[in-house]
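Student: I would like to take a close look at a single part of this protein, and then see how that part sits within the whole. Could you take me through it slowly?

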Amino acid sequence: MIASGTYSTSPKELKFIILDPKFSPELELLSNIEHVEWISEPSECHQAVFNIKSELDRRKRNPENRKIVLVIDELAEFFRENNDNDVTYALRSIAALGRQ
């Protein structure tokens, strides 16, 4: 999916945000791709969820052409380490906005 997206669009059209709180070396290779923002620090991953939700809420009111794809490595582990109802709510909202 990432390879296809980077070949068919420009970084101005598509951005991948990869949350990798367990730091997978194989995903670090993707950080060199201009379309990709790779976040591996657990506290930054936690905050990124809220930032993405805020950005998507803003775009709902002021649509832009740029698309955002959120990738979370080890989602179950992310939930276990972020046992926070606010994070769960934010991720549900992001998923719901993605279906619209």
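Student: Does Glu 74 count as buried, partly exposed or exposed, and what is its relative accessibility?

Tutor: This is a predicted model, and what follows should be read with that in mind. Glu 74 counts as partly exposed, because its relative accessibility is 45%, and a residue has to be over 50% to be called exposed and under 20% to be called buried. Glu 74 is found in the loop between S3 and helix H4, the latter running over residues 75–81. The backbone of Glu 74 also deserves a look, since its phi is positive, at about 60°, although the residue is not a glycine.

From that loop we can step back into strand S3, which covers residues 67–72 and holds Val 69. Val 69 is partly exposed as well, with a relative accessible area of 22%. Once its neighbours within four places in sequence are left aside, Val 69 is in contact with Met 1, Leu 14, Lys 15, Phe 16 and Ile 17. One of these partners, Lys 15, is 54 residues away from Val 69 in sequence, yet the two C-alpha atoms are 6.3 Å apart in space.

Some of those partners lead us to strand S1, which spans 14–19 and is, together with helix H3 (42–61) and helix H5 (85–98), one of the elements that give two or more residues to the largest nonpolar core. That core has 13 residues, and those with the most contacts inside it are Leu 19, Ile 39, Val 49, Phe 78 and Leu 91. A second core, separate from this one, is made of eight residues, including Ile 2, Leu 30, Val 36 and Trp 38. To see how one residue of the largest core is surrounded, take Ile 39: beyond its neighbours within four places in sequence, Ile 39 is in contact with Ile 17, Ile 18, Leu 19, Asp 20, Pro 21, Glu 44, Cys 45 and Ala 48.

On the other side of Glu 74 in sequence, helix H5 offers two residues to set beside it. Asn 85 has its place in helix H5 and counts as exposed, because its relative accessibility is 66%; between the C-alpha atoms of Asn 85 and Lys 12 there are 33 Å in space, and the two are 73 residues apart in sequence. Ala 96 also has its place in helix H5, but counts as partly exposed at 31% relative accessibility, and its C-alpha is 15 Å from that of Phe 50, a residue 46 places away in sequence.

The whole protein can now frame these details. There are five helices and three strands, and read along the sequence they follow the pattern α-β-α-β-α-β-α-α. The radius of gyration is 14 Å, which agrees with the value near 13 Å that a compact globule of 100 residues would have, and the C-alpha trace spans about 35 × 35 × 20 Å along its principal axes. Of the 100 residues, 34% count as buried, while the protein exposes about 6600 Å², with carbon and sulfur atoms supplying 49% of that area. Among contacts between residues at least 6 apart in sequence, 57% join residues at least 24 apart. Finally, there are 13 positive and 17 negative charges, and their mean positions are 10 Å apart.

Note on methods: Residues numbered from 1 in each chain as written. Predicted model: local features only at pLDDT ≥ 70, side-chain atom pairs only at ≥ 80, totals over all residues. Heavy atoms only, no water. Helix = DSSP H or I, 4+ residues; strand = E, 2+ residues; numbered from the N terminus. Rg over C-alpha atoms; globule rule 2.2 N^0.38 Å. Buried < 20%, exposed > 50% of the residue type's maximum accessible area, 1.4 Å probe, protein only. Contact = heavy atoms within 4.5 Å. Areas by Shrake-Rupley, 256 points an atom, 1.4 Å probe, with all protein chains shown as cover. Lys, Arg positive; Asp, Glu negative; His and termini not counted. Charge placed at Lys NZ, Arg CZ, Asp CG, Glu CD. Core = buried A, V, L, I, M, F, W, Y, C linked by side-chain atoms within 4.5 Å.
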